[in-house]
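Subject: A structure for you to look at

Hi there,

Here is the structure I promised to pass on to you. Have a look at it first, and then read on for what turned up in it.

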Amino acid sequence: MFVKPIPGRTTAAVEGDAVVLLIGMRVNRFWAVHQWLPVMLSMFRMLGELARDRDRGLLGRVLLTASPRTYYVVQYWESKEKLYAYAASPDMFHHRVWGIVNRKERAGKVRGHVGLWHEAYVVPEGSYESIYFDMPPFGLAAATGVLPVESRGRRAADRFAHRSSGKAGEAA
């Protein structure tokens, strides 16, 4: 699907803290397709599950590859609490898959054919900024909306200094 770029400079419309999860896999043994393909398909199934239930808190995601071996997803969440709730919810697919991984590991059946990893970050307001030039909504802006860059400032320092309205004791 082709999305037209928005002319000029824009910024993400995020308010408050930004919650970012990087999660992925590394194919350690290409020949062990029966080991790594189910992991990859599980990630797509979880993303589909989250897309069908927007109340779970996933705002947006970007699928990326770091190499022919490493694939990952950058996810933007409403809050760390919603991220934790999804990960721990017994009625969600993630909980079932992680249980399988843990049981295989305890039984000594993990052979190192595929690696798993994640990093989660809560980025406090005032510790992030964004700019997009002649781009369709992407990344944080696709997850939270797009604003003209002037609404947050043309300089990175101005965008870092932006504070949501309604935060007591802070400049707007």
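E78 and K82 meet through their side chains in a salt bridge, with 3.0 Å from N to O. In this predicted model, E78 is partly exposed, its relative accessible area being 40%. K82 is partly exposed too, with a value of 28%. If you have not met this kind of pairing before, the general idea is simple: side chains of opposite charge can pair when their charged atoms come close.

How many salt bridges does the structure hold? There are seven. One of them joins E15 to R152, where the closest N and O atoms are 2.8 Å apart. E15 sits in the loop between β1 and β2, while R152 belongs to the loop between β7 and α5, so this pair ties together parts that lie 137 residues apart in sequence. Are these two partners buried or exposed? E15 counts as partly exposed, at 44% relative accessibility. R152 is buried, because its relative accessible area is 9% and the cut-off for buried is under 20%.

Another salt bridge links E150 with R154, and here the closest N and O atoms are 2.9 Å apart. R154 is partly exposed, at 45% relative accessibility. You can also look for a network of salt bridges that links D53, R56 and D91.

R56 leads us to a residue worth finding on your screen, M92. It is located in the loop between α2 (80-88) and α3. M92 is buried, with a relative accessible area of 11%. Leaving out residues up to four places away in sequence, M92 touches E49, R56 and Y86. Of these, E49 is 43 residues from M92 in sequence, yet their C-alpha atoms are 8.0 Å apart in space.

For another pair, try L64, which has its place in strand β3 (residues 58-65). The C-alpha atoms of L64 and E105 are separated by 27 Å, and the two residues are 41 apart along the chain. L64 is partly exposed, with a relative accessible area of 33%. Apart from residues up to four places away in sequence, L64 touches Y71, Y72 and V74.

H113 is also a good one to click on. You will find it in the loop between α3 (93-106) and β5 (114-123). Is H113 buried or exposed? H113 is buried, with a relative accessible area of 11%. Setting aside neighbours within four places in sequence, H113 is in contact with R26, V27, N28, R29, W31, A32 and Q35.

Now for a sheet. Strands of a sheet pair through backbone hydrogen bonds, either parallel or antiparallel. Which of the two do we have here, in the open sheet of three strands ordered β6-β1-β7? The pairing is antiparallel. β6 (132-135) and β7 (146-148) are the edge strands, and each of them pairs on one side only. From one strand to the next, the twist averages 55 degrees. Strand β1 (residues 6-12) pairs with β6 over three bridges. To see where they join, look at I6, whose bridge partner in β6 is M135.

Last comes the empty space. Rolling a probe the size of a water molecule over the atoms shows where empty space is left. The largest pocket holds about 1,100 Å³ of space. Its lining has 43 residues, and V39, V97, W98, V101 and L116 are the ones that lie nearest its centre. The elements that give two or more residues to this lining are β2, α1 (33-52), β3, β4 (70-77), α2, α3 and β5.

A search of the whole structure also finds one cavity of 30 Å³ or more. The largest cavity has a volume of about 70 Å³. Which residues line the largest cavity? Among them are T11, A12, V14, E125, G126, Y128 and E129. R152 is in that lining as well, and you have already met R152 as the salt-bridge partner of E15.

Enjoy exploring, and write back with any questions!

Best wishes

Notes: Residues numbered from 1 in each chain as written. Predicted model: local features only at pLDDT ≥ 70, side-chain atom pairs only at ≥ 80, totals over all residues. Heavy atoms only, no water. Pairing = 2+ DSSP bridges. Helix = DSSP H or I, 4+ residues; strand = E, 2+ residues; numbered from the N terminus. Axes fitted to C-alpha atoms, helices over the stretch in contact; angles between N-to-C directions. Buried < 20%, exposed > 50% of the residue type's maximum accessible area, 1.4 Å probe, protein only. Contact = heavy atoms within 4.5 Å. Salt bridge = Lys/Arg side-chain N within 4 Å of Asp/Glu carboxyl O. 1 Å grid on protein atoms, 1.4 Å probe; cavity = no way out; pocket = protein on both sides within 12 Å on 5 of 7 lines; lining within 4 Å. Points joined across faces, edges and corners; volume = space filled by probe spheres on them.
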